[in-house]
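Hi there,

Here is the structure I promised to pass on. Have a look at it first, and then read on for what turned up.

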Amino acid sequence: MAGTGKAHLRDVDNVLRVEDLVVEFHAGRNVTVKAVSGISFDVRRGETLGIVGESGCGKSTTGRAVMQIPKPTSGTVVFEGRDLTGLSSSELREARTKVQMIFQDPISSLNPRRTVYESVLEPLEIWGRGTRDERETLVDDILESVGIDPERAKESRPHQFSGGQCQRISIARALVLDPTMIICDEPVSALDVSVQAQVLNLLEDLKVKYGLTLMFIAHDLAVVKNVSDRVAVMYLGKLCEVAPSDDLYARAAHPYTNVLLKSIPEPDPFADHSVADLVGELPSPVNPPSGCRFHTRCPYADDLCVREEPQLQPMGDGHFVACHHPVATPVTLS
Amino acid sequence: MPYTKALMKSIPKLTDPSHTRLASIPGRPPDLVHPPEGCRFAPRCAYARDKCRQEEPPLVQADHPDHLYACWYPVGSPEFQERDAELERTGGVAVGIAGAS
């Protein structure tokens, strides 16, 4: 896995183009955590790019690096034609109004001491958008469009709403500045299945209504498939596979993607559980394996995989895989 | 019962194409200070009838051993199937659990 390589990048109508993104953290003397190690991807206007992988694979770090929190160690993040990594802090502040983010824990991402109405209104006040009446009309409209009663929002603080409602409020807050793109970092992972379905449907509706481009980061493959147009699979700071959503799940070519698909439990007690589990733990990003970073856990790994990092190679129909031994007969979903 | 079925229906499935509209249960969990009379799920249930809004269903044994449920018109009952067919004809707004077995 491991993929570096840029064969999968496209040239037309990109909102975001990230190249050679590296994010490293210093964690003590001579200890560097290599969270993201040279990945490239792009997101077209109106597209939803899903990013999946295990906990610790660098997917959230990737989303945050796009926002420049913190600034990546190296690489470029070109958003609407401007490289965000080269901007001054005031330019960046302004650019960030166009890229918003929503997080996993919707209750703690809202200020507990303010009414949720104030939290949604605040970005407009900070940027001095419109008159007071215009701002309130806009906030009312956006709250209505996410299914929150504006009158109740004026009287209530985050703890008086459920998790699903707080996520709707966070989405409203992300929308008020009329962003081009929203980065959703595990936005439904803390919600029950019915509320999850409501929020996923809402995101699909808002994407159309407000002409949004989305990055959707999550560990649940079925959720990612549902919302995404294109999916990137990450492993230990690298990309292993990038493909149109339906195509990825129809013919997963990377051994890691196949293992991920096989390891999903089904809501059926009689389902076949005999399939092989992923062996071992995610290796340390402080000392990542040589060559393909997945070789320590891959059933197909050989000397080549230990020595040489595979590049993303086209498989046809916009499907790319970074593997020396791509899987010919992918897992079939029952 | 319809609630269990609706929960299972709202889980995204890998076998469905991308951008499949998900079924979700309309409304919100009830006010626990003033819980609804009868079956507590009735106000959100597309299969609820008058009896559901008046009388709380007891927990009863299903055909399968160790399976208990509390519902007047469980999935598969004639009343359930009748309503299911109606929902199918009218576009199946509600819970979207048509085709349940």
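**A covered helix, and what surrounds it**

Let me start with helix H10 of chain A, residues 255–262, which is mostly covered, with 6 of its 8 residues buried. Please keep in mind throughout that this is a predicted model. The buried residues of H10(A) are A:Pro255, A:Tyr256, A:Thr257, A:Asn258, A:Val259 and A:Leu260. What do they pack against? Their partners in chain A are helix H8 (221–227) together with two strands, E9 (230–235) and E10 (238–244).

Stepping back to the chain as a whole, chain A holds 11 helices and 12 strands. Its radius of gyration is 21 Å, close to the 20 Å that the globule rule gives for 334 residues, so chain A is as compact as a globular protein of that length. The C-alpha trace spans about 65 × 55 × 40 Å along the principal axes of chain A. Of the 334 residues, 45% count as buried. If you like contact maps, you may enjoy this one: among contacts in chain A with a separation of 6 or more, 68% are between residues 24 or more positions apart.

Next, the strands. Strand E1 of chain A (residues 14–26) pairs with two others that I looked at. With strand E2 (residues 32–44) of chain A, E1(A) runs antiparallel, and 10 bridges join the two. In that pairing A:Arg17 stands opposite A:Asp42 of E2(A). The hairpin of E1(A) and E2(A) has 5 residues between the strands, and in this hairpin A:Gly28 takes a positive phi near 105°. E1(A) also pairs with strand E4 (residues 74–79) of chain A, again in the antiparallel sense, over 5 bridges. There, A:Glu19 stands opposite A:Thr76 of E4(A).

Finally, the contact between the chains. How many residues does each chain bring to it? Chain A gives 19 residues and chain B gives 18. On the side of chain A that touches chain B, helix H7 (193–209), H8 and helix H9 (245–250) each supply at least two residues. The largest share of that side, 7 residues, comes from H7(A). Sorted by class, the side of chain A that touches chain B has 10 nonpolar, 6 polar and 3 charged residues. H8 of chain A therefore turns up twice in this email: the buried residues of H10(A) pack against H8, and H8 supplies at least two residues of the side that touches chain B.

Happy browsing, and do write back with any questions.

Best wishes

Definitions and conventions: Residues numbered from 1 in each chain as written. Chains lettered and ligands numbered in written order. Predicted model: local features only at pLDDT ≥ 70, side-chain atom pairs only at ≥ 80, totals over all residues. Helix = DSSP H or I, 4+ residues; strand = E, 2+ residues; numbered from the N terminus. Rg over C-alpha atoms; globule rule 2.2 N^0.38 Å. Buried ≥ 20, exposed ≤ 12 C-beta atoms within 10 Å, placed from the backbone. Contact = placed C-beta atoms within 7 Å. Nonpolar A, V, L, I, M, F, W, Y, C, P; charged D, E, K, R; others polar. Pairing = 2+ DSSP bridges.
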